[in-house]
Amino acid sequence: MSIRPVKHESRATPTMEGAGVKLHRVFGFGDPSMTDPFLMMDDFRNDEPMDYVRGFPWHPHRGIETITYVLAGTVEHGDSLGNQGMLGAGDLQWMTAGSGILHQEMPKGDFAGRMHGFQLWANLPSSLKMTTPRYQDIKSADIPVVIDDDGTAVRVICGDFWGKNGPVDGIAADPVYLDISVPPGKRKTFPVDTYRSAFAYIFAGSGSFRDASKPFGVKVEKEYMGEELNIRDLSGNRTLVVFDTGDEITVQAGEQGIRFLLVTGKPIKEPVAWHGPIVMNTREELMQAMKELQNGTFIKADH
């Protein structure tokens, strides 16, 4: 067995999307080969309704799958095909945009105004770029949770893990998507398919994936007595860790424990032509999609 070393590590960066939603971009619009088959990930987390209530009005998608996982608050969604629904805390939606869809997502906070969730984009191979759009809306109660003897808890959203099968199926990248909580001070090893891309995204607590020897924080600037200092912030919050090859990952949890998403998928290894929410293989296909958006032929009949 070989522990995967860390290939890349970074902090999510503040940005704005939709009609003025403040969020943090975990990765995206850079080198897509680093996380192939995953293209982009956003962490939308806020306690101020004015920073997210304008939401994500009507916009198109083609050639990708979008995965929305809600931890707090709700997200109301609708699309050009007449589908409507509401995602609540712990719920998940896996949307295969395929040949094209127009949809909107409108977040709303919980009783305290809190909104928190993630959206991940997965690429589709050329053979499925123009497949029929579909949704998989998964309720929190239908996502299995496995709790190990040491208190480690894993929500299995997609894929097979520790004897449980996630409720999402039929996905091109054949991914594993896990929400993992490791108790304070515990060292834990998780199996990962050797031939898949893999990344972790820490969103609570702290921990180390570097030899799992001691808790690792993120280098950040903090002000102390009027001075800006570069220190190791052991919160670990909003840290992306991309792994190199190997068949397991090990994490050493810090004093507050650690909670992170662990996502793996089968690389597509195809050219990427990307413009906003439309991802194709060639510039010609991209231009065709933009032309169809303009002339009203973007949405295809069922096929």
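This note goes through a predicted model point by point, from its open sheet to its aromatic rings and its salt bridges.

1. The open sheet. Seven strands make up an open sheet in the order E2-E3-E4-E11-E6-E9-E12, and their pairing is antiparallel. At the edges stand strand E2 (13–17) and strand E12 (134–138), and because each of them has a single partner strand, one side of each is left without a neighbour in the sheet. On average, and with direction ignored, neighbouring strands of this sheet are turned by 20° against each other.

2. One pairing within that sheet. Strand E3 (residues 21–27) and strand E4 (residues 38–46) run antiparallel and are joined by three bridges. A reader who wants to follow this pairing by eye can look for His24, which stands opposite Asp43 in E4.

3. Aromatic pairs. The structure holds 15 aromatic pairs. In one of them, Phe190 and Phe260 meet edge-to-face, with 6.2 Å from centre to centre and 75° between the planes. This pair links distant parts of the chain, since Phe190 belongs to strand E18 (residues 187–191) and Phe260 to strand E23 (residues 248–265), 70 residues apart. Both Phe190 and Phe260 are buried. Elsewhere in the list of rings, Tyr69, Trp94, Phe118, Tyr177, Tyr201 and Phe203 are linked into a cluster by ring pairs.

4. The surroundings of Phe161. Phe161 is found in strand E15 (residues 160–161), and its relative accessible area is 4%, so it counts as buried, the limit being under 20%. Which residues does Phe161 contact, leaving aside its neighbours within four places in sequence? They are Val146, Val154, Val156, Leu178, Phe190 and Pro191, and Phe190 is also a member of the edge-to-face pair described above. Phe161 and Val75, by comparison, are 86 residues apart in sequence and 28 Å apart in space, taken from C-alpha to C-alpha.

5. Salt bridges, and a pair with two partly exposed partners. The count of salt bridges comes to 13. One of them joins the side chains of Arg114 and Asp110, with 3.0 Å from N to O. Arg114 is partly exposed, at 36% relative accessibility, and Asp110 is likewise partly exposed, with a relative accessible area of 22%.

6. A salt bridge between two loops. Asp174 and Arg196 form a salt bridge in which the closest N and O atoms are 2.8 Å apart. Asp174 sits in the loop between strand E16 (164–165) and strand E17 (176–182), while Arg196 sits in the loop between E18 and strand E19 (197–208), so the pair ties together parts that are 22 residues apart in sequence. Is each partner buried or partly exposed? Asp174 is partly exposed, with a relative accessible area of 41%, whereas Arg196 is buried, with a relative accessible area of 15%.

7. A salt bridge between two strands, and a network. The side chains of Asp179 and Arg259 also meet in a salt bridge, at 2.7 Å from N to O. This pair links distant parts of the chain, with Asp179 in strand E17 and Arg259 in strand E23, 80 residues apart. Asp179 counts as buried, at 1% relative accessibility, but Arg259, at 27%, counts as partly exposed. Finally, Glu17, Arg25 and Asp42 are joined into one network by salt bridges that share partners.

Technical notes. Residues are numbered from 1 along each chain as its sequence is written. Side-chain values use heavy atoms; hydrogens and water are left out. Rings of Phe, Tyr and Trp (its six-membered ring) pair if their centres lie within 6.5 Å; planes under 30 degrees apart count as stacked, over 60 as edge-to-face and the rest as tilted. Helices (H or I, at least four residues) and strands (E, at least two) are DSSP runs, numbered from the N terminus. Buried means under 20% relative accessible area, exposed over 50%, partly exposed in between (1.4 Å probe, protein chains only). Contact means heavy atoms within 4.5 Å. Two strands pair if DSSP finds at least two bridges between them. Axes are lines fitted to C-alpha atoms, for helices over the stretch in contact, and angles run from 0 to 180 degrees between N-to-C directions. A salt bridge is a side-chain nitrogen of Lys or Arg within 4 Å of a carboxyl oxygen of Asp or Glu.
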